[in-house]
Amino acid sequence: MNNKEFISELSRRTGYKTDKTQQLLLSVLNAMGDSFQEGDSVQVPNFGTFEVKKKLERIMVNPTTGQRMLVPPKLVLSFKPNASWKDHIKNGGTGDE
């Protein structure tokens, strides 16, 4: 599903026009981005939790040259789905939606 299809489906389900739906979605994503910039996690009820995690520095070995390199620490965004979504996906998407 691409962005245009997603916005169309979301507008159909909510009853808003597509341009208004796109504005609302951008507002939500911008608010989430602001929270991530501050290092806060974002919990979406009945869906899951997005959080910023710090990956520690590590030593990596280039398999071709055998050269060892130090990879600096970095921040990554992670997602932990709600347990009900995990079960739903494990069961192949069958059951309650």
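This briefing covers the pocket and cavity of the structure, helix α2, and several individual positions. The model is predicted. Its largest pocket encloses about 270 Å³ of space, and helix α2 gives the most residues to the lining of that pocket. The structure also holds 1 cavity of 30 Å³ or more.

**Largest pocket**

- The space in the largest pocket comes to about 270 Å³.
- Two elements, α2 (18-37) and β1 (42-44), each give two or more residues to the lining of this pocket.
- The contribution of α2 is 4 residues, the most from any element.
- The lining is made up of L10, L25, V28, L29, M32, V42, V44, P45, F47 and F50.
- By residue class, the pocket lining has 10 nonpolar residues, with no polar and no charged ones.

**Largest cavity**

- One cavity reaches 30 Å³ or more, and the volume of the largest cavity is about 30 Å³.
- Its lining consists of K55, L56, R58, V71, P72, P73 and K74.
- Among the residues lining the cavity, 4 are nonpolar and 3 are charged, while none is polar.

**Helix α2 and the residue after it**

- The 20 residues of α2 should span 28 Å at 1.5 Å a residue, and the C-alpha atoms at the two ends of the helix are 28 Å apart, so the expected and modelled lengths agree.
- T21, M32 and F36 are buried in α2. Viewed down the helix axis, the buried residues fall within an arc of 55°, and therefore they line one face of α2.
- These buried residues pack against α1 (3-14), β1, β2 and β5 (74-81).
- M32 appears in two of these descriptions: M32 is buried in α2, and M32 also lines the largest pocket.
- Q37 belongs to helix α2 and is exposed, because its relative accessibility is 72% and the cut-off for exposed is over 50%.
- From Q37 to S78 the separation is 41 residues in sequence and 14 Å in space, C-alpha to C-alpha.
- G39 follows α2 and has a positive phi, near 85°.

**Loop positions**

- N46 sits in the loop between β1 and β2 (48-55). Its phi is near 60°, a positive value in a residue other than glycine.
- With a relative accessible area of 63%, N46 is exposed.
- G66 is placed in the loop between β3 (58-61) and β4 (68-71).
- The relative accessible area of G66 is 45%, so G66 counts as partly exposed.
- G66 and E38 are 28 residues apart along the chain, and their C-alpha atoms are separated by 38 Å.

**Helix α3**

- K90 is in helix α3, which covers residues 83-90.
- K90 is exposed, at a relative accessible area of 71%.
- K90 and K53 lie 37 residues apart in sequence, with a C-alpha to C-alpha distance of 25 Å.

Definitions and conventions
Residues numbered from 1 in each chain as written. Predicted model: local features only at pLDDT ≥ 70, side-chain atom pairs only at ≥ 80, totals over all residues. Heavy atoms only, no water. 1 Å grid on protein atoms, 1.4 Å probe; cavity = no way out; pocket = protein on both sides within 12 Å on 5 of 7 lines; lining within 4 Å. Points joined across faces, edges and corners; volume = space filled by probe spheres on them. Nonpolar A, V, L, I, M, F, W, Y, C, P; charged D, E, K, R; others polar. Buried < 20%, exposed > 50% of the residue type's maximum accessible area, 1.4 Å probe, protein only. Expected span 1.5 Å × (residues − 1). Arc of directions from axis to C-beta. Contact = heavy atoms within 4.5 Å.
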